[in-house]
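Subject: Structure for you to look at

Dear colleague,

As promised, I am handing over the structure, and I would be grateful if you kept it open while you read the notes that follow.

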Amino acid sequence: MDRDTIRTGILRYFARGIPDFKEQLDPKTGRILEKNGGWSIGGQDAMYPLALLYLNKGTRWYRNKQVLRWAVRTGDALRDFQRKDGSWEFVKADGSRCGRTTMPWPMFHWLEAYRLLKDHLRPAEAGSWATGLRLWCGAVSGEIGPQTHIHNIPAYQAAILVRAGQVFGEGAWTAQGRDYLHRIIAAQ
C-alpha cells in the first residue's frame, strides 16, 4: 500500500466520525460531551483530526469552514477552562473532581492542531491558543526535573515539551523534555 492510499484511508476514517462528533459537540462551549452530558478535558482530542481533515484533500471536509470552526471551538474549550497557571481542574465526565492537573492527553492534540492551523486562525484565536499552550508548558516545565519519578504521565509531558519547544522556538523546553526522556531510557 502506498503512502497516499494510507493517508486517504486515515482521512476517510476521521471523516466517518463527523456525525458522532456533531452529536457530542456543545456548540456554545466547544466541549465534547459524553452520552451522560458530562465533560472532561481529556475528551477534547478531536481538534487534531479536524485540523487534518480541514487541511488535507481526500474528503468533502477539505477547506470546509465549519470543520475549521469546530476545531477552533474544541481548542477554545480547553483555553476557556484553563487556570492562570496553565493547569485545569481535573473534572471527569461523571462530574467528579480530582484537583489540579497538567494532564498531557489533550495537549499533544491541541499543540499539533495549533501547529497545523495557526495560519488559518484569526489573530485573537492564534494568540489565545499560543498563550494557553505556553502556560501549560511553563507549568509542566516547573514540574519535571532531575528528581521527577519515572512514570508515564511525566514521560508524555516531556515528549510534548520537546515538541512545544520546536513549535515555539523554546530550546530550554526541548532540552528539558529530552533530558527527562533520556532518564527514562536509562531507567529501562
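Let me begin with one residue and work outwards from there: Thr8 has its place in helix 1, and with a relative accessible area of 17% it is buried, because the cut-off for that class is under 20%. Please bear in mind throughout that this is a predicted model. The C-alpha atom of Thr8 is separated by 8.9 Å from that of Asn56, although the two residues are 48 apart along the chain.

Thr8 also leads to Gly58, since Gly58 touches Thr8 and Arg12 once residues up to four places away in sequence are left out of the count. Gly58 lies in the loop between helix 3 and helix 4, and its relative accessible area of 37% makes it partly exposed. For Gly58 and Leu25, which are 33 residues apart along the chain, the C-alpha atoms are separated by 24 Å.

The loop between helix 3 and helix 4 also holds Arg63, which counts as partly exposed at 38% relative accessibility. You may wish to look at the backbone here, as the phi of Arg63 is near 55°, a positive value in a residue other than glycine. As background, most residues other than glycine have a negative phi.

Turning to the interior, the largest nonpolar core has 50 residues, and those that touch the most other members are Leu50, Trp70, Trp110, Tyr114, Leu117 and Phe168. Two or more residues of this core come from each of helix 1 (3-16), helix 2 (18-24), helix 3 (47-55), helix 4 (65-81), helix 5 (105-117), helix 6 (123-143), helix 7 (152-168) and helix 8 (171-187). Trp70 in particular is in contact with Ile18, Phe21, Lys22, Leu25, Leu50 and Trp61, again not counting residues up to four places away in sequence.

Phe21, one of the residues that Trp70 touches, can also be set against Arg122: these two are 101 residues apart along the chain, and their C-alpha atoms are separated by 23 Å. Arg122 sits in the loop between helix 5 and helix 6, and at 49% relative accessibility it counts as partly exposed.

As for the chain as a whole, the protein has eight helices and two strands, which follow one another along the sequence in the pattern α-α-α-α-β-β-α-α-α-α. With 188 residues, a compact globule would have a radius of gyration near 16 Å, and the 17 Å of this chain agrees with that. The C-alpha trace spans about 50 × 45 × 35 Å along its principal axes. Of the contacts with a separation of 6 or more, 62% are between residues 24 or more positions apart.

Finally, a word on burial, surface and charge. Buried residues make up 44% of the 188 residues, while the chain exposes about 9900 Å², of which carbon and sulfur atoms supply 53%. There are 27 positive and 18 negative side chains, and the centres of these two sets lie 4 Å apart.

With kind regards

Key. Residues numbered from 1 in each chain as written. Predicted model: local features only at pLDDT ≥ 70, side-chain atom pairs only at ≥ 80, totals over all residues. Heavy atoms only, no water. Helix = DSSP H or I, 4+ residues; strand = E, 2+ residues; numbered from the N terminus. Rg over C-alpha atoms; globule rule 2.2 N^0.38 Å. Buried < 20%, exposed > 50% of the residue type's maximum accessible area, 1.4 Å probe, protein only. Contact = heavy atoms within 4.5 Å. Areas by Shrake-Rupley, 256 points an atom, 1.4 Å probe, with all protein chains shown as cover. Lys, Arg positive; Asp, Glu negative; His and termini not counted. Charge placed at Lys NZ, Arg CZ, Asp CG, Glu CD. Core = buried A, V, L, I, M, F, W, Y, C linked by side-chain atoms within 4.5 Å.
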